[in-house]
Amino acid sequence: MRIPLIAGNWKMYKNRKEACEFAEAFKKIYRDTDIRAAICAPFTQLDDLVKSFAGTGIGVGAQNVHFEEEGAFTGEISASMLEEIGVDYCIVGHSERRQYFGETDKTVNLKLKKLLRSTSITPILCIGEDLRQREEGQEKKVVASQLEKAFSELSAEEAGKLVIAYEPVWAIGTGKTAAPEQAGEMCAWIRKTVENIYDEETCDRVIIQYGGSVKPDNATEIMNMPEIDGALVGGASLSPDQFMEIVNF
Ligand code: PGA
């Protein structure tokens with residue numbers, strides 16, 4: 001049984017005070033259901049959120065990690081540093097990191113291995129095609145290739161622990177959501193690709209989220225698609241009420 005996961009991605013929004021205010025407000029309206037909720041926040045807000053959400057069932061995630069254990073990597077944060085403060089999830093390979101910070105399929109793979117092999121943090125692997133690739137009809141080829149490279153040298157056991165977020169780049173922060181059928185078709189394709197690389201058991205285990213302009217008014221339609229097990233929510237996760245409406249879809 002896959003438990004759906006709705007994760008907020010705050011990106012570079014909310015200072016410490018705002019994060020704590022969100023946590024207080026969200027805890028008041030959050031009801032523990034059979035859907036998991038988590039907030040992926042800037043590094044400096046993680047510790048406060050872990051403490052504030054302790055015992056509530058609400059998870060906390062980072063938005064990036066380095067793949068080495070430690071070393072001369074100015075500005076980076078390691079997986080064990082995240083684990084030490086009690087982080088549950090870590091986004092890996094978000095399109096904004098691929099686009100602006102030189103994230104590659106290779107570094108994505110190294111980060112997945114690091115998280116899966118040395119911590120109990122669940123990676124949220126982001127994949128998705130850009131507008132040009134979609135217009136050229138390349139979307140299935142693009143995500144299959146991203147998946148194959150991300151999974152390089154990962155065992156079926158390791159791959160089965162992943163959350164995969166299908167986020168078409170053209171739908172992120174643009175207000176343009178993929179039609180539920182389009183999103184559902186791509187998530188089904190992703191599950192099929194996981195089956196082709198590994199086996200049926202592994203593809204049945206992975207949680208597949210859709211991300212890209214998910215809002216309270218489109219969440220139900222998206223979440224009702226059979227192969228979609230959750231959402232990665234940017235803008236709408238900044239408001240406790242909007243985020244709760246999505247969690248309650
Ligand atoms: P959005 O962002 O919901 O604001 O489109 C989604 C994401 O980048 O994960």
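Q: Quick one to start: is C126 buried or exposed?
A: Buried, since its relative accessible area comes out at 2%. Bear in mind that this is a predicted model.

Q: And why is there no bond from the sulfur of C126 to the closest cysteine sulfur?
A: Because the gap is too big: the closest one, in C40, is 8.7 Å away, too far for a bond. A disulfide here needs the two sulfurs within 2.5 Å.

Q: OK, so how many disulfides does a search of the whole structure find?
A: Zero. C90 is in no disulfide either, and the nearest cysteine sulfur to C90 is that of C40, at 7.9 Å.

Q: What about C90, buried or exposed?
A: C90 is buried, with a relative accessible area of 0%.

Q: Switching to strands. How many residues of β1 are buried?
A: Five of its five, so β1, which spans residues 5-9, is mostly covered.

Q: Which residues of β1 point which way?
A: L5, A7 and N9 go one way, while I6 and G8 go the other, and all of them are buried. As a general point, side chains in a regular strand alternate between the two faces of the sheet.

Q: Which strands is β1 joined to by bridges?
A: One is β2, residues 36-40, which runs parallel to β1 and is joined to it by five bridges. Another is β8, residues 230-233, also parallel, with four bridges to β1.

Q: Got some partners I can click on? Say, what's the bridge partner of G8 in β2?
A: That's I39. On the β8 side, L5 has G230 as its bridge partner.

Q: Back to β1 and β2: what does the chain pass through on the way across?
A: Helix α1, residues 16-29. The β-α-β crossover made this way is right-handed.

Q: New topic, aromatics. How many aromatic pairs turn up in the whole structure?
A: Seven. One of them is Y100 with F101, whose ring centres are 6.4 Å apart and whose planes sit at 85 degrees, so that pair is edge-to-face.

Q: Are those two rings on buried or exposed residues?
A: Exposed: Y100 has a relative accessible area of 55%, and F101 also has 55%.

Q: What sort of pair do F151 and Y198 form?
A: Edge-to-face, at 5.3 Å centre to centre with 75 degrees between the planes. F151 and Y198 link distant parts of the chain, sitting 47 residues apart.

Q: Where do they sit, then?
A: F151 is in the loop between α7 (139-150) and α8 (156-159), and Y198 is in the loop between α9 (180-197) and α10 (200-205). F151 is buried, and so is Y198.

Q: Which residues make up the aromatic cluster with W10?
A: F22, F26, Y30 and F243 join W10 in one cluster.

Q: And what sits over the ring of W10?
A: The charged end of K14, 5.4 Å from the ring centre.

Q: Last one, E158. Where is it, and is it buried or exposed?
A: E158 lies in helix α8. With a relative accessible area of 14%, E158 counts as buried, because the cut-off for that is under 20%.

Q: What does E158 touch, leaving out residues up to four places away in sequence?
A: L116, R117 and E153.

Conventions: Residues are numbered from 1 along each chain as its sequence is written. This is a predicted model: local features need pLDDT of at least 70, side-chain atom pairs count only at pLDDT 80 or more; totals for chains, interfaces and linings use all residues. Side-chain values use heavy atoms; hydrogens and water are left out. Buried means under 20% relative accessible area, exposed over 50%, partly exposed in between (1.4 Å probe, protein chains only). Helices (H or I, at least four residues) and strands (E, at least two) are DSSP runs, numbered from the N terminus. Two strands pair if DSSP finds at least two bridges between them. A crossover is right-handed if, with the strands pointing away from the viewer, the path from the first strand over the helix to the second runs clockwise. Rings of Phe, Tyr and Trp (its six-membered ring) pair if their centres lie within 6.5 Å; planes under 30 degrees apart count as stacked, over 60 as edge-to-face and the rest as tilted. A charge sits over a ring if NZ of Lys or CZ of Arg is within 6 Å of the ring centre and within 35 degrees of the ring normal. Contact means heavy atoms within 4.5 Å.
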